[in-house]
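Work through the exercises below with the coordinates open. Each task is followed by a solution in steps.

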Amino acid sequence: MASVEKVPMLAEGYEKLSAQLAALKAERPLIVDAIEEARAHGDLSENAEYHAAKERQGQVEATIGDLEDKLSRAQVIDPTSLSGDRIVFGATVTLSDEDDKPVKYQIVGQAEADAKVGKISYNSPLGRALIGRKVDDEIEVTVPSGDKYYLVTKIEFI
């Protein structure tokens with residue numbers, strides 16, 4: 001049974017998932033051709049090309065189903081339309097770590113998260129700790145490497 005829970009994401013994330021879906025749908029006919037070509041080689045029980053093509057077909061179809069599900073439940077949020085003094089989905093937050101070094105993150109959906117470029121999921125330990133906080137709030141987050149402490153220094157909706 002599929003969940004009807006909305007999946008929050010930014011427009012950028014929605015476009016990325018849509019492009020990924022289009023690319024996979026374009027790959028479908030190529031996989032069918034590969035299966036037909038491998039089938040023409042005869043005995044399917046020892047045909048590595050056939051089994052590889054069938055496996056790829058299964059992966060592509062599963063990913064297409066997953067992407068279609070996410071896109072159908074997507075709730076696209078424009079952070080520039082938001083405001084307030086609390087951290088919410090889409091907010092860009094500047095934090096000061098234990099060494100007073102500033103770090104900046106944007107709270108995004110799971111499909112868009114990439115900590116290397118400053119985008120963290122609202123579902124991550126740090127994302128969950130930040131939601132609802134205000135400037136000057138202190139945050140303690142338990143991560144695999146231990147406890148981390150942050151101070152919220154700035155909240156932007158950009």
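**Exercise 1: Asp136**

Classify Asp136 as buried or exposed, then place it and describe its phi angle.

Step 1. In this predicted model, Asp136 has a relative accessible area of 56%. Exposed means over 50%, so Asp136 is exposed.
Step 2. Asp136 sits in the loop that runs between helix 3 (125–130) and strand 6 (138–143).
Step 3. The phi angle of Asp136 is near 75°, which is positive although the residue is not glycine.

**Exercise 2: Asp100**

Carry out the analysis for Asp100: which loop holds it, and what is its phi?

Step 1. Strand 3 (92–96) and strand 4 flank the loop that contains Asp100.
Step 2. Phi of Asp100 is near 60°, again a positive value in a non-glycine residue.
Step 3. With 65% relative accessible area, Asp100 is exposed.

**Exercise 3: Gln106**

Decide whether Gln106 is buried or exposed, and list its contacts beyond four places in sequence.

Step 1. Gln106 belongs to strand 4 (residues 102–108).
Step 2. Its relative accessibility is 11%. The cut-off for buried is under 20%, so Gln106 is buried.
Step 3. Leaving out neighbours within four places in sequence, Gln106 contacts Leu10, Pro79, Gly90, Ala91, Thr92, Gly118, Lys119, Ile120 and Ile158.

**Exercise 4: Lys16**

Locate Lys16 and state how far it is from Asp78 in sequence and in space.

Step 1. Lys16 is part of helix 1 (residues 11–39).
Step 2. Its relative accessibility of 52% makes Lys16 exposed.
Step 3. Between Lys16 and Asp78 the separation is 62 residues in sequence and 15 Å in space, taken C-alpha to C-alpha.

How values were computed. Residues numbered from 1 in each chain as written. Predicted model: local features only at pLDDT ≥ 70, side-chain atom pairs only at ≥ 80, totals over all residues. Heavy atoms only, no water. Helix = DSSP H or I, 4+ residues; strand = E, 2+ residues; numbered from the N terminus. Buried < 20%, exposed > 50% of the residue type's maximum accessible area, 1.4 Å probe, protein only. Contact = heavy atoms within 4.5 Å.
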